[in-house]
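Colleague: Could you show me how to read the surroundings of a ligand, and then how to look for bonds between cysteines?

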Amino acid sequence: MAGIPKLHYFSGRGRAETTRWMLAINQIEFKNVAIKDANMLAELRNSGKLPFDQMPLLEIDGSNLSQSSAMVRYLARRGNFYGDNNNDALWCDMIAGVVADFAEAAMQAAFQSTRQVVESILTERFNKFGPCFEQRLIDNGSGYCAGKYLTFADVLLVEALNSYLEWIPNLLRNFPQLTELYNRIMDQPGIVNYLKSAERYPNAGSDYVIDVARVLERKLPAHIPNPNRFIKI
Ligand SMILES: N[C@@H](CCC(=O)N[C@@H](CS)C(=O)NCC(=O)O)C(=O)O
């Protein structure tokens, strides 16, 4: 028996969050394993479970999965969230690619110096990509990004929008198709349950940034006091 899937990562959303949403849409129960310091990371590195020496790590179905994009696609195939044919799959992959570009700014938000900086970066990214996402939904005509049904592309897009909305709540006011998609995905039972569960981390703040620096023994952004505190000398 493989047991309940385990997701090893820092104590936050970061690059593990898309996998959590894909576990959620599949209604697969899972546990976060929070890596809290350099010793825990060293132990994980020595376990032989990280083929590329990176987190996140997803232990599922007796395998150790690396690379969040591979985890997402594994879970998309497992739950039939990859469309009906090659063309749907191509659109899923194209949208997953652009959503990764779009989502990066929200993932980096906690590392920025002020709220104004974050809002200005996110607004610029949304102004670039938001109209393309809206147009894609109009062109596809099914209410979803790719093919006729819900796919992992929809889940990734809504996960990214959810992060943006935490900073800019009225972001979607002139985007009716995106709003409809957003509400539809947010109403999925697995997503509803995940978002109110103990496995959902809050929007990252400076605590998360400090956590990451402590685990990786890296420099903090200059605006955080004592930025070299975790560097070994
Ligand atoms: N493309 C990878 C990126 C993985 C990645 O950069 N992981 C970072 C933490 S977010 C890491 O493990 N850094 C430590 C290291 O590379 O030594 C993914 O999405 O899984």
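**Reading the ligand site and the cysteines**

Modeller: Let us begin with one contact: in the side chain of Ser-68, an N or O atom lies 2.5 Å from an oxygen atom of the ligand. Please keep in mind throughout that this is a predicted model.

Colleague: How much of the ligand's area does the protein bury?

Modeller: The ligand taken alone exposes 510 Å², and the protein buries 74% of that.

Colleague: Which ligand atom is 2.9 Å from an N or O atom in the side chain of Gln-67?

Modeller: That is a nitrogen atom of the ligand, whereas for Gln-54 a polar side-chain atom lies 3.5 Å from an oxygen atom of the ligand.

Colleague: Where does the ligand sit, and which residues surround it?

Modeller: The ligand sits in the largest pocket, and the residues surrounding it include Tyr-9, Phe-10, Arg-15, Arg-45, Asp-53 and Leu-216. When the residues of this shell are sorted by kind, 5 are nonpolar, 3 are polar and 3 are charged.

Colleague: And the cysteines: how many disulfides does a search of the whole structure find?

Modeller: The general idea is that a disulfide is a covalent bond joining the sulfur atoms of two cysteines. Here, a search of the whole structure finds 0 disulfides.

Colleague: Why is the sulfur of Cys-92 not in a bond with the closest cysteine sulfur?

Modeller: The closest cysteine sulfur belongs to Cys-145 and is 8.3 Å away, so the distance is too far for a bond, given that the two sulfur atoms of a disulfide must be within 2.5 Å.

Colleague: Do Cys-92 and Cys-145 count as buried or exposed?

Modeller: Cys-92 counts as buried because its relative accessibility is 0%, and Cys-145, at 2% relative accessibility, counts as buried too.

Methods:
Residues are numbered from 1 along each chain as its sequence is written. This is a predicted model: local features need pLDDT of at least 70, side-chain atom pairs count only at pLDDT 80 or more; totals for chains, interfaces and linings use all residues. Side-chain values use heavy atoms; hydrogens and water are left out. A residue is near a molecule or strand if one of its heavy atoms lies within 4 Å of it. A polar contact is a pair of N or O atoms within 3.5 Å; within protein, one must be able to donate a hydrogen and the other to accept it, and residues adjacent in sequence count only if both atoms are side-chain atoms. Accessible areas come from the Shrake-Rupley method with a 1.4 Å probe; for residues, only the protein chains shown count as cover. On a 1 Å grid over the protein atoms alone, a cavity is a set of points where a 1.4 Å probe fits but cannot get out, and a pocket is an open set with protein on both sides within 12 Å along at least five of seven lines; lining residues have an atom within 4 Å of a point. A molecule sits in a cavity or pocket if more than half of its atoms lie within 2 Å of its grid points. Ala, Val, Leu, Ile, Met, Phe, Trp, Tyr, Cys and Pro count as nonpolar, Asp, Glu, Lys and Arg as charged, and the others, Gly among them, as polar. Buried means under 20% relative accessible area, exposed over 50%, partly exposed in between (1.4 Å probe, protein chains only).
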